[in-house]
Structure formats: structure tokens, C-alpha cells
Amino acid sequence: MTSVTFKHFVAIVVLVFAGVMNLKAQQPSADDMLNHIGMLKRLEAMQPDSIASKYQLALASLNFAISYPHAAQTENMLAQAQQAIDQMAQMKDADQSDLCTLRGFLLMVRIVQNPAQNGQKYYLDVLQAYEKALKLNPLNTLAQELQAKFVEGMKQATAQ
Amino acid sequence: MVCQMTAQTTITGTVTDGHTPLPAANVFILGTIDGCLTDTLGRFSFKTTKTGQVTLKVTYMGYNDYTRTADVDELHNIDIRMQERATSISEIVVTASTFSFGKSENFKTIDALDVVMAGNSCGDVVAALQSLPGTQKVGEDGKLYVRGGESDECQTFVNGMHVLVPYSTNTEDTAVRGRFSPFLFKGINFSLGGYGGEYGQALSAVLPMETTDLATSDKFGVSASLVDWNIGGTKVFGNSALSFNAALTSMGLYDQLFTQRQDYTRPYRKLAGEMQYKKEYRRGDILKSYVGYDLTSVGVHEGERNISLKEHNIYANLTYKTSIGRGSTLFAGIANSTVWNRIDDAVTAGDHYRNYRSEIHLKTELHKVVNERLKLQAGIEDYIRHSTLTFAPHHYHLSYNIFGAHADAQLRLIPKLFLNLSTRTEMMRGSWLLMPRATLSYIPNKQWQLSLVTGRYSQTATDDNLAQSNYTLGQSTADHAILSIQYRSTSSLLRIEPYYKRYHHLPLMQQGIWSPDGYGTSRGVDVYVEDHSISPRLTTTLAYSLNDSERMYRDYTKPGIPDFASRHNLRLSLKYSIGKCIVGISESYATGRHFAQGTTPHYNSVDVNLTYLLSPKVIVYISLNNVFGRTNIHRYDTDGKGITSSRDRFLYIGIFVSLKNNKAYDISNF
């Protein structure tokens, strides 16, 4: 009951969350980002056994999705990111901290896409994904930044 | 300075799906970074320094990769037609007859919290599930009744392991709650029929619940309300975590503050303790263990009787899931349920009812994804049961086991058409039962699902009936046939499910002798609508069930409508977020139920709730059930007296606090 109530309330928090998240600042245009992702995809095809290229592809796809959460290509980008994450998870040397970060990032995009509906569903997963990423690698700067932005969004929404 | 001049060739063309252009498809020469994305008209044009034979590759999410090997000079103005990728069997989630909460499969569809917080559930999973279509309102016991089936036809599983007694206990004609807290679970799959071969011993429905993953950090929280007090936490050690939770529920204070109809000599009290230990190994292998204990006690004065009830209920399970390579997963588990129940003055003054029930459930499962078209699952399990009853002049001791085995195959017949074939066999006291099951699903896109489900299901008679019949009753069976149509858009969900069930070998008592000659049918249609389109802050749900049931069982002298069944059940709920509050209101309606003494008036209840966040670590929750105070008659007793709840309204006020400094927005103890 305790958790249930809290979880439910956070739906409110994330309603305002999208406004707080400002990852779009100084971002290149959607076309530029897509071209960059296309390039990464070609690099990834050249090195199918490379974890790094899959990581970069997933990250770039998620960056596009959070920058343009309602663009026509966003769902494809999210599917592409999910695919890259799944492929990384199957690879022996994949960094588990990076995987957690990407999973948290993907769910964060889902919240930004539809805060009212997805907020209460995913907020705890996002927090836990970043927590786990940092537990596995306390120096994971991407996880630190994303977690800080997410918590900042939650705090600002709560303060209203 | 060396200048190397290299000839460049321009490659051009168009990418379509056969009808429309595909924008942002990635077109490139394999093994190089020479390439580009298609424009909004599907056109592409790029230069390459490659000469001779090259392989052109095109990728687009949701479509098969396209490759073409040709001389680079031939790759001008080419038309590329992409083929839509057939969905892999592993990606398919057939939703027919099932409501999935949590994230056990893909993204969440509906969140359990949507229903848990709506209306009168007060955090009870069982009450929350009663807001779904297919369930029926039976106010005098509060249990799950699904599609014209008895409450014990719905069985609960935690991490795949059976729970013998999933409800808390209370005196007769008082609604009970589910034993498990909703925040124990990350996924709940409530199947209202037509489930696969893995689940047995359930005639109507199954409720498999999966506990949360390993916690990522320490937790500690408390909560208090007029009726319950809770403390719990989790300590994380590397790749493992130990959690505990203790709760005391007591109606003593509430009974003093608010009047009620029953004359309690000892208020309802439940002391519950739970512990979990989870350990994650490399490759995602996971060990989960859970143990919970409840002690419930209540005393009530009724006529000449001073009823005194006490129950000890222990449930423990241990499961291990490991990946054994080549797409295979092995699961093994053991669970034990033990319940002692003692009631004094149970039926007449001076009597003593003593009941002991225990079950050990052993299970192992093997899952294998063979390829994109085929997924296999097989398993064996054993239920070992003991039961003793002393209730003078009656006394029995039962001991039996049920062995079960199943094999399931999920196939993609052709793109968009899926078949799940399974067979389950069970053996009890040397008698074998074979139960084939099948689901055919047509899933043309992400919006629509159409499924046809059929299968045979079985369940043993209750311990009392088995003992009285000296095991002659054996297993009852039910044949299910379900048609499921679902449409899902970004802002709404519509599901319509007509169904038909035919029961065989139900326990029937004729001239004082039990025989497996009972039978029955249950048919109806369930409709569920969820909508977010009016406002992103507003969630509206509507659940409607039409059910026509008829049975010849127990001591019936002729086929009749079972007394737990109501023909129409309707639930409408609204949930709206305003600033720091969430407000919920719901209306529940059910038509009357039929008893020998008459038909009850319809059931009606309007419930409201409010959630308010004081700070990220403190929240207040208030709910009021049956706002208008309507006196709902749940059933009639043998004297024709209407049985109602002990109070018409119920007010719940609770405060929830996270005491862990680094935690906010999450005060779940697990």
C-alpha cells in the first residue's frame, strides 16, 4: 500500500517532468541527427561484433528520441535502441553499467513522450536503472548526468 | 604532397514498401560508410569510391534487411521494395483473456496501480482485480469469482509456485483481502481462462504474480493508518538483497470510532511478517526466496454463539532460474503452504472446528526458443497435500498427491498468424487426465489482436468433499472456448471477449451421497474500455460483464443459477490528476443474485479517493467507500435474512513515510 500510494503520486510529478527535461538545448537539427545515426548504423554494420558501435548507436537513437519525442521517426529510433541494447546484452563483454544506463534512458524517453500515462509506470524503473548503473560503476558519468536530470525534474515538479 | 585522385560513382534509387516510400531508410555499401538516408519520398543518392562488384544494403526498422550485389555502375535509379519483417515468436504477447500488469512482458499496458488506487481496493490486489471485466461482485467474502466460476476455481501463483490459501481470513460474511501486498510484485498476469499448459488445478482462472527484481539500494519505510501499521526495509549486499516487512492490522480503534453491525468480542487483528532473499548470479541467473507468516484472530458474538477464530498461515517458496545456453532457460522451484484454522462456536455454541491444510508444490520447467518461428516449453510438477479436520462428530485425514506434466509449443504459422498448442496431463490416485489446449491468434499489427482460445482444465474437489466422498469425486473438468477481439491505440484500449464454459464431473450430492455427476455451463461476454483521449490527466475505464450460468452441483435438486453469480456487472472509474493530488471516483453496479429465499436487490457503490503528496517522502491517502451509504444486501441466509457488510461506508486515512535519506518517491520495502 505504501509503495502503491507513492508510485501513484509520482504520476503528477512526471506530468510536469517533460517541461523540466531540457536535453534539447544546443542539439543539432533532426535531419543532422538522423544522418549521424545513419552513419553510426553503417559503422555498426561494418563491425557487427563491436559493443562500442552498438552502444553509440543506441545512445544516438535515444538522444534523437528525447530531443524529438513525437517525431515520425522516433518510434523507429526507440526500436533501434532497444534492438541494440538487446544485442549488447547477449554479448559477453558488454558493460552492465552501460546497459542499465541505456535501459533507464529508454524508459525516460517513454516518460517524456507521455508523462501522464508513462510516468507512474516507469519512474521507479528509471531511478532503479540509474542506481544500478552507478552501483556497478560509480564513475559512469552518463548515468550520473541522466540521474541528476531525472531527479531534478522530479524535485521541481514536486515543489510546485 | 601526394594527392590521390579517386573516381566516384553516384548510386541512386528509391525505397518503398511496395506502396509507399520509406523515409529515413539507411542505404549503404556494405563494408563501407558510403551511404545515406532516404528522404521523405524514399529517394536516395550518394557517392562511393568503390568499383566493381559491391553489395548494397538497406535497413529499416520493422523490415527485413535488403541486400543486392551488383556492379557499382548498375546501381542507378534502382527501385527497392522492402519486405515487412514477420514478428518473431518471442516478441508476441497474446493478450486474449489476460490482463497483464507490470513489465513482465514488453512495455506495460495497464498499470496495476491504475486499478489498485481506484475506488475501494485500498491497496488490495484482489479487490483491485475485481474492477476488471469477468469478475463478479460477491460482497460477503470479497474473493475472486471469475466468469461464473466459484472463488476456488481461481488459483494464485507466486513466481510460478502455487499458493494454497491466497486470502486472509475473517468471520463468515465478512470480506477478506488478498494475503500479498501489491508492491511485492513487478508483474501480475490475471488470466480469466484459456491459459496454457503450465497451469493446472484451476477450473476458471489463474493469477500468476512475479516478485520484483533485486533491489538496487537499501530501503526503509513506515506507514500508519486507522487500521494498519507497517514497517519494512531492504538491505542490499553486492549481488543479493534481504528484505523484511512487518504489519499489524487491527480494527479495534476503527470499531471504537465508527459504529458497525456486528458485536465483536475481540476485534479483527492480523500480525504479518514477510522476508525475502534474492541473489543474482552471472548471466542473469536468479535465486528468489520468500517466506510469509500471518496470525489472524477475531471474536464475534452472534446469538448464542461467541465465535472465536484464529488462523496461522505460512507460505514459503524458493525458485531458481538459469540460462543454460542455446536459447534455453531452466526453472526449478519448491513451495510450501501450511494453514492451521481453529474456530470455536463455529456453527453451534460449544463446538470446536480444527482444520490443518498443507501443500508442497514441486516444479521444474524448461523453456527454449528454437528459432523465430518456434518456442517450446515443457515441465513437470507435483502437488503433495495433507489435510486434517476435526469438527465433532466429523473427522478426517486426507493425504494425496497430484502429478502434472505439460508441453507447449508456440508457432508462427505464417506472418501474423500464431498458434499455441499445449497438452497437460495429470495423475491423481492412479487416474490420468489428458487436457489439450490451443490458442490461434491473428495479429495483423500493433493495434489489433484476434484470438480463438479453447482448452480443457481440471481441479480436484475441495478437501471436505474429497473426504466425504472417500476420494470418489476425483477431478472436475471445464472446457473453455473464448473469442477475443482487442483494439489498442495510443490513447485507448477496447477488448471484447465472448466466452463459453462447460463443466463436467462437478461434485453432486444426491440422497446423501457425493458423486462426480454434477455439470454446468457458463456463458457471457466481457467488455473493457480504457481511455486517455479526453485529457492526458484523466483516465477513464469501463468494465462490463454479462454472465449466464447454470449448474447442477452440490445439493441442487435441479439445474439452477449458482448463488454467487450476478447477470450484469458494471464498473466505471475516473482518475484525475490536479496539482499535488490525484482524485479517483468509481461506480460499481451488479444485478441481484439468486437464492432459494429470493433475489437480492442490485449492488451499488460509489467510491472516492484522494492522494496528496506532502513531500517526496511523505504522502497522505484517503478513501471513502460507498459514499452514499447504500445498504447492499449480499445474500440471504436460510431464514431469509439479508446479509450485509458490517458497515455501509468505510473510511481509510493513511500516512506513508520513507525514512531512508537517499530514497524519495519510493518507499516500497522490497
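In the predicted model, chain A is divided into two domains, with domain 1 spanning residues 27-94 and domain 2 spanning residues 95-160. The C-alpha centres of domain 1 and domain 2 of chain A are separated by 18 Å. Contact between the two parts of chain A involves 15 residues of domain 1 and 11 residues of domain 2. On the side of domain 1 of chain A that touches domain 2 of chain A, helices α4 (51-67) and α5 (74-90) of chain A each contribute at least two residues. By residue class, this side of domain 1 of chain A consists of 13 nonpolar and two polar residues, with no charged residue.

In chain B, an open sheet is formed by three strands in the order β4-β1-β7, and the pairing within this sheet is mixed. Strands β4 (43-48) and β7 (78-81) of chain B occupy the edges; each has a single partner strand, and therefore one side of each is left without a neighbour in the sheet. Neighbouring strands of this sheet are turned against each other by 30° on average, direction ignored. The pairing of β1 (residues 9-16) of chain B with β7(B) is parallel and extends over four bridges. Within this arrangement, Thr14(B) is placed opposite Asp79(B) of β7(B).

A further set of strand pairings in chain B involves β35 (residues 618-625), which has a covered and an uncovered face. The covered face of β35(B) carries Ile619(B), Tyr621(B), Ser623(B) and Asn625(B), whereas Val618(B), Val620(B), Ile622(B) and Leu624(B) belong to the uncovered face. Strand β34 (residues 603-615) of chain B pairs with β35(B) in the antiparallel sense, over seven bridges. The connection from β34(B) to β35(B) is a hairpin of two residues. Across this pair, Leu613(B) stands opposite Ile619(B) of β35(B), a residue of the covered face.

Strand β35(B) is also joined to β38 (residues 650-658) of chain B, through eight bridges, and these two strands run antiparallel. In this second pairing, Leu624(B) is positioned opposite Leu651(B) of β38(B); Leu624(B) lies on the uncovered face of β35(B). Strand β35(B) thus pairs in the antiparallel sense with β34(B) and runs antiparallel to β38(B), while the pairing between β1(B) and β7(B) is parallel.

Technical notes. Residues numbered from 1 in each chain as written. Chains lettered and ligands numbered in written order. Predicted model: local features only at pLDDT ≥ 70, side-chain atom pairs only at ≥ 80, totals over all residues. Pairing = 2+ DSSP bridges. Axes fitted to C-alpha atoms, helices over the stretch in contact; angles between N-to-C directions. Buried ≥ 20, exposed ≤ 12 C-beta atoms within 10 Å, placed from the backbone. Domains from an automatic or database assignment. Contact = placed C-beta atoms within 7 Å. Nonpolar A, V, L, I, M, F, W, Y, C, P; charged D, E, K, R; others polar.
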